[in-house]
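Subject: Structure for your review

Dear colleague,

Please find below the structure I am handing over to you. My findings are set out after it.

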Amino acid sequence: MNSKIWIIGIGDDGAAGLTKQASDLIHSASLLIGSALLLEKFPEYQGSRETVGGDLDRLANIVDRASGLTVVLASGDPLFYGTARFLCDRLGKDRFEVLPHVSSMQLAFARVKESWDEAYLTNVASQPIERVVERIRSAEKVGVFTSEEIPPARLAEILMAKGIGYFTAYVCENLGSPDERVTRCKLSDIVNQKFSPLNVMVLVRQKGVPDQPAESSRIRLFGNPDEVFRQAKPKRELVTPCEVRSIALSEMKLRETSIIWDIGAGSGSVSIEAAQIARHGKAYAIEMDPEDYELILENAARFGVENVVPVLGEAPTAWQNLPDPEAIFVGGTGRAVTDLVEQAWPRLQSGGCLVANMMSLDNVVALQQLLTHKLAVEPQLWMIQISRGNCQMERLRLEAANPTFLVKATKG
């Protein structure tokens, strides 16, 4: 036991919340290391103490030189973006044993009875607030360690100023201690309230509320970030990802006077950017869902494009009276994409391009068979797989998006 350095998680309830093993290790240690706040929770400890604040390099040096039974005190779960992960990475896992306590983040989600496996978790003390706000904008659930500089009231104020008020907020104070308190209210109600410094803020998105688009000082001709478009919730994925959208538009061979059909337009991202390229043409955004049709109107107004024509209706009736297109983009899921291509193909002008976006390889095969065997066209195919950097607490990882497929066919 003495050959290992023990990292023990401590809750807000201090010694009272420890297991017998953790308590025995602490009181038997020849050296106890931790913050002043954590060391104060063990007034009966008789051995040597070393007070270490946020200086992790100093902590690593002290631990590296320690002899005898050494215990490092950490808050909550030391492996949850905490001390244990840093020390194991710095000095090697074989030197340590870890006894975790329930983390305050775990406790907060447990108190509000929400799962946290897909939540965006962050610490405003270690992340730029601009980055935190942009991640919260499109999140379903959020767990936030607030700070003295940005307490819950200040964070709520910043979010409200950005139009991001579509969350139910929970402020969980002093978790695990006798004066624990959980406050549930609207974000707007938190702005004028004060809370204990020991708090975790949980945000749960209200059902069905669209994202508030991000502010953009300069709108691009195409390839705009997904978050600048107003998007439906919970039916996300209606915006074709910007990387896929850029490739699709480049393959549609658009000219300034092109007529474009965007079938299954969703939030209208492809229509809007196609219209910006074909500034003297028209982009017809064909959509059968009334809510998504309204989003197309809002996004077109936001981008200031007047040559987007939203069309509410179901194929093929919706396009019966539209002019024949020089380019067609088909988005959607399932076998519907193949059916839409078959119905729209006769209207495509000679020399025009059709590009379809699909998520399933089975649907790609079905579309390829339609094009090659029935329509006598040799299609082109791309599989696009993007990984984007994702800062989660102080760690950077790559978050892979689901692979998507583009199929292109040229007529005549």
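The notes that follow cover a sheet and its helices, the aromatic pairs, and a buried glutamate.

Please bear in mind that this is a predicted model.

The sheet

The sheet is open and has 5 strands, in the order β6-β7-β10-β8-β9, with mixed pairing. Its edge strands, each of which pairs on one side only, are β6 (120-123) and β9 (181-186). From one strand to the next, the twist averages 15°. Strands β6 and β7 (residues 141-145) run parallel and are joined by 4 bridges; leucine 121 stands opposite glycine 143 in β7.

Two helices pack on this sheet. Helix α6 (residues 129-137) touches β6, β7, β8 (167-173) and β10 (199-205), and its direction makes about 165° with that of β6. Helix α7 (residues 152-161) touches β7, β8 and β10, with its direction at about 30° to that of β10.

A charge over a ring is also found: the charged end of arginine 135 sits over the ring of tyrosine 120, 4.3 Å from the ring centre.

Aromatic pairs

A search of the whole structure gives 4 aromatic pairs. One of them is formed by phenylalanine 229 and phenylalanine 303: the ring centres are 4.8 Å apart and the planes lie at 15°, so the pair counts as stacked, the limit for that class being under 30 degrees. This pair links distant parts of the chain, as its members are 74 residues apart. Phenylalanine 229 belongs to the loop between β10 and α9 (242-251), whereas phenylalanine 303 is in helix α11 (residues 290-303).

Are these two residues buried or exposed? Phenylalanine 229 has 0% relative accessibility and therefore counts as buried. Phenylalanine 303, at 9%, is also classed as buried, since the cut-off is under 20% relative accessible area.

Glutamate 273

Glutamate 273 is located in helix α10 (residues 269-277). With a relative accessible area of 0%, this glutamate is buried. A polar atom of its side chain lies 2.9 Å from the backbone nitrogen of glycine 223. Leaving aside residues up to four places away in sequence, glutamate 273 touches Leu221, Phe222, Gly223, Asn224, Phe229, Arg245 and Leu249. Phe229 in that list is thus a link to the stacked pair described above.

With kind regards

Note on methods. Residues numbered from 1 in each chain as written. Predicted model: local features only at pLDDT ≥ 70, side-chain atom pairs only at ≥ 80, totals over all residues. Heavy atoms only, no water. Pairing = 2+ DSSP bridges. Axes fitted to C-alpha atoms, helices over the stretch in contact; angles between N-to-C directions. Contact = heavy atoms within 4.5 Å. Phe/Tyr/Trp six-rings, centres within 6.5 Å; stacked < 30°, edge-to-face > 60°. Buried < 20%, exposed > 50% of the residue type's maximum accessible area, 1.4 Å probe, protein only. Lys NZ or Arg CZ within 6 Å of the ring centre and 35° of its normal. Polar contact = N/O pair within 3.5 Å; in protein donor to acceptor, adjacent residues only side chain to side chain.
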